[in-house]
Amino acid sequence: MTDVHKTIQKWHGSFKKATDFDSWGQLVEAIDEYQILARQLQKEVQSSSSTSSDFTEEQKKTLGKIATCLEMRSASLQCTQSKEEFKLEDLKKLENIIQNILSYNKDFPFDVQPVPLRRILAPGEEENLELEEEEDAAAGGGGGGGGGAGLAEAFPPRTPASQGTLLPRLPSEPGMSLLTIKIQKIGLKDAGQCIDPYMTISVKDVNGLDVNPAQDTPVATRKEDTYIHFSVEVEIQRHVEKLPKGAAIFFEFKHYKPKKRFTSTKCFAFMEMDEIKPGPIVIELYRKPTDFKRKKLQLLTKKQLYLHLHQTMHRDS
């Protein structure tokens, strides 16, 4: 198999992985995969000369349009109230085009334009936010008109989770325990710069699959020094005794990036089953992307900054 066919096979595998996540309701993973693949396609589109590329200019234009569709679907998943929703069943129509990009000669099925020439950030590439924004400002100057229009197409206006999606406590059952976790505060060196910060709380099994629905906190409004204060209670949506062995409760800290026009995961933390006990607990923060399988963990910082929680157990005896 030639290198170009290996590349196409890799793209197709990524596309299938992303749409599978999407259809299973694993939206965070789907968004990550869509953005990674969009970046890979855009990198090919931006290769400077046809002699250094395995694709013709027309094929590159098609790849650029696919990247646009991937970003539009990613934006639809992040902006649930967007009127310009790009549906999964529409995106799946592109699978055949990716597989047959070398021979594809029909009109593109959607009226979209290739993503404007710009850097597409994959998850995990945004740690140096301040440095990036300085570079953007230096490079952008007064020429932001055309690029801005393209960004607006790729990322519809946000709908911040200002009210959150927290769920009420489950009905009690004899001999069963329910867990309430109060998210008190999170320590971050750039806490004051985070826009519309909130947390997504989910329970995952040992394979990283959802045990029950994820919940979003309301947007935090109080910032103090290196802390963002939430002071919000989250009701875990399964009795503690019914949680599968090896499960963990995840806390993903998210904030809005105006220059990128989307909400990004900054870091995450998790609690394992042996840490469920009444009282306060302080847990470490890890670098994104969120590793729900807990296989390749990297601490966010060496500084003494943590997620502060308080647990309450409710038992109906």
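Start with how the chain folds back on itself: among contacts in the protein with a separation of 6 or more, 72% are between residues 24 or more positions apart. Keep in mind that what you are looking at is a predicted model. Its secondary structure comes to 7 helices and 10 strands. The protein has 317 residues, and 47% of them count as buried.

Let's begin the tour at helix H1, which covers residues 3-24. You can do a quick check on this helix with a ruler. At 1.5 Å a residue, the 22 residues of H1 should span 32 Å, and the C-alpha atoms at its ends are indeed 32 Å apart, so the two values agree. Several residues of H1 are buried, among them Val-4, Ile-8, Trp-11, His-12 and Phe-15. Further along, Ala-18, Thr-19, Phe-21 and Asp-22 are buried too. Just after H1 comes Gly-25, with a positive phi of about 85°.

Next up is helix H2, residues 27-45. The same ruler trick works here: the 19 residues of H2 should span 27 Å at 1.5 Å a residue, and the end C-alpha atoms are 26 Å apart, which agrees. H2 is mostly covered, with 14 of its 19 residues buried.

Now look at the two helices as a pair. Two packed helices are described by the angle between their axes and the distance between the axes. For H1 and H2, that angle is about 155° and the axes are 8 Å apart. Angles over 145 degrees count as roughly antiparallel, and H1 and H2 are therefore roughly antiparallel to each other. Their crossing is left-handed. Who does the touching? On the H1 side, the contact includes Trp-11, Ser-14, Phe-15, Lys-17, Ala-18 and Phe-21, while the H2 side includes Leu-27, Ala-30, Glu-33, Tyr-34, Leu-37 and Leu-41. Sorted by character, the residues of this contact divide into 9 nonpolar, 3 polar and 6 charged.

One of those charged residues is worth a stop. Glu-33 sits in helix H2. Its relative accessibility is 14%, and because buried means under 20%, Glu-33 counts as buried. Setting aside neighbours within four places in sequence, Glu-33 is in contact with Ser-14, Lys-17, Ala-18 and Phe-21. You can also compare Glu-33 with Lys-16: the two are 17 residues apart in sequence, and their C-alpha atoms are 9.6 Å apart in space.

Let's move on to the strands and look at some backbone details. Asp-225 is not a glycine, yet its phi is positive, near 55°. You'll find Asp-225 in the loop between strand E4 (222-224) and strand E5 (227-235). With a relative accessible area of 72%, Asp-225 is exposed. Ser-231 also has a positive phi, about 50°, although it is not a glycine. This time the residue lies in a strand, namely E5. Ser-231 has a relative accessible area of 49%, so it is partly exposed.

The last stop is a peptide bond. Lys-288 and Pro-289 are joined by a cis peptide bond, with omega about -5°. Pro-289 has its place in the loop between strand E9 (286-287) and strand E10 (306-315).

Conventions:
Residues numbered from 1 in each chain as written. Predicted model: local features only at pLDDT ≥ 70, side-chain atom pairs only at ≥ 80, totals over all residues. Heavy atoms only, no water. Axes fitted to C-alpha atoms, helices over the stretch in contact; angles between N-to-C directions. Helix = DSSP H or I, 4+ residues; strand = E, 2+ residues; numbered from the N terminus. Parallel < 35°, antiparallel > 145°, perpendicular 65-115°, else oblique. Left-handed = near helix turned anticlockwise from the far one by under 90°. Contact = heavy atoms within 4.5 Å. Nonpolar A, V, L, I, M, F, W, Y, C, P; charged D, E, K, R; others polar. Expected span 1.5 Å × (residues − 1). Buried < 20%, exposed > 50% of the residue type's maximum accessible area, 1.4 Å probe, protein only.
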